[in-house]
Amino acid sequence: TSPQFDCNGRILRLDRPRVMGIVNITPDSFSDGGAHFDAEAAIAHGLRLAQEGADILDVGGESTRPGSQEVPVEEELRRVVPVIEGLARNTALPISIDTSKPEVMRAAIKAGAGMLNDVYGLRREGALDAAAELGMPVVLMHMLGEPRAMQEAPEYDDVVGEVHRFLAERIFAAEMAGVARKNIIADPGFGFGKTVAHNLQLLAQLRRFTELGVPVLAGLSRKKTIGELTGRDEPRQRVHGSVAAHLIAAQNGATIVRAHDVAATVDALKVWAAVAAVAPPRKDA
Ligand SMILES: Cn1cnc2c(O)nc(N)nc21
């Protein structure tokens with residue numbers, strides 16, 4: 001039987017690779033040009049991703065791209081709560097909250113979100129306890145340093161081994177804090193303190209992370225690595241490269257991929273799942 005997650009009453013079944021659609025609420029996403037954000041536009045975008053076949057919607061109010069600055073908690077709450085409420089009212093899909101702040105985790109779950117997606121791997125003050133108290137599925141992701149400086153000159157002796165060890169430690173810390181192991185998802189954090197070479201090694205050896213004994217999430221959508229490999233400077237032109245990378249991630253054991261372009265990714269994974277259904281059992285299974 002395949003793992004499944006109870007996301008605040010909404011079920012996410014990992015019987016096949018699933019697509020986490022991205023709903024970013026940041027000034028450079030849904031804004032009417034002003035400094036404030038159009039919650040309605042973000043909600044409409046999330047509903048469109050649901051129409052395109054997303055299995056879960058990831059709502060984020062603080063950009064974590066390289067060089068990004070922190071957003072004050074009041075601001076982050078102002079951005080995400082109305083969107084989560086709007087989405088929860090209009091779709092039956094599970095909703096994850098992309099945040100590292102315990103206060104935002106609590107408010108998001110109260111508003112109807114059912115999964116925590118923390119790029120800091122619950123390392124912020126109070127995050128482990130919040131995750132344990134909320135009792136929801138949680139994604140633990142690897143990041144080297146902080147978004148502001150993580151891409152300056154990332155270095156590893158053995159990127160796969162070091163990311164693997166970090167995730168094993170965070171899983172252990174989460175379990176010690178009271179997070180149920182069945183609620184944990186691991187994520188190597190593509191692009192979070194990694195060069196293109198590091199990202200390629202992590203993707204090529206992604207199956208190593210399934211040894212952690214929890215589902216693996218991969219997020220490469222429209223990232224700089226895809227742009228560099230394809231020569232596409234414009235993120236919107238990185239759809240094909242992103243779909244290729246997520247297919248490889250599925251082939252290498254990921255059961256959730258985090259994507260902007262949901263329809264394209266859903267179609268690709270349908271082809272992947274049809275072949276996987278008739279493939280001979282894996283020798284290392
Ligand atoms: C918020 N966010 C941006 N990239 C991500 C990734 O690769 N994984 C997860 N879990 N979250 C991400």
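Aromatic pairs are absent from this predicted model, the count for the structure being zero. A ring is nevertheless involved in a contact with a charged group: the charged end of Arg124 sits over the ring of Tyr120. The distance from that charged end to the centre of the Tyr120 ring is 4.5 Å.

The ligand occupies the largest pocket. The residues around the ligand are Asp98, Asn117, Val119, Val139, Met141, Asp187, Phe192, Leu217, Gly219, Lys223 and Arg258. By class, this shell comprises five nonpolar, two polar and four charged residues. Phe192 belongs to the shell, but with zero aromatic pairs in the structure, the ring of Phe192 has no aromatic partner within the protein.

Polar side-chain atoms of three shell residues, Asp187, Lys223 and Arg258, were examined in relation to the ligand. For Asp187, a polar side-chain atom lies 2.6 Å from a ligand nitrogen. Lys223 addresses an oxygen atom of the ligand, with a polar side-chain atom at 2.8 Å. In the case of Arg258, an N or O atom of the side chain is 3.4 Å from a nitrogen atom of the ligand. On its own, the ligand has 310 Å² of accessible area, of which the protein covers 96%.

How values were computed:
Residues are numbered from 1 along each chain as its sequence is written. This is a predicted model: local features need pLDDT of at least 70, side-chain atom pairs count only at pLDDT 80 or more; totals for chains, interfaces and linings use all residues. Side-chain values use heavy atoms; hydrogens and water are left out. A residue is near a molecule or strand if one of its heavy atoms lies within 4 Å of it. A polar contact is a pair of N or O atoms within 3.5 Å; within protein, one must be able to donate a hydrogen and the other to accept it, and residues adjacent in sequence count only if both atoms are side-chain atoms. Accessible areas come from the Shrake-Rupley method with a 1.4 Å probe; for residues, only the protein chains shown count as cover. On a 1 Å grid over the protein atoms alone, a cavity is a set of points where a 1.4 Å probe fits but cannot get out, and a pocket is an open set with protein on both sides within 12 Å along at least five of seven lines; lining residues have an atom within 4 Å of a point. A molecule sits in a cavity or pocket if more than half of its atoms lie within 2 Å of its grid points. Ala, Val, Leu, Ile, Met, Phe, Trp, Tyr, Cys and Pro count as nonpolar, Asp, Glu, Lys and Arg as charged, and the others, Gly among them, as polar. Rings of Phe, Tyr and Trp (its six-membered ring) pair if their centres lie within 6.5 Å; planes under 30 degrees apart count as stacked, over 60 as edge-to-face and the rest as tilted. A charge sits over a ring if NZ of Lys or CZ of Arg is within 6 Å of the ring centre and within 35 degrees of the ring normal.
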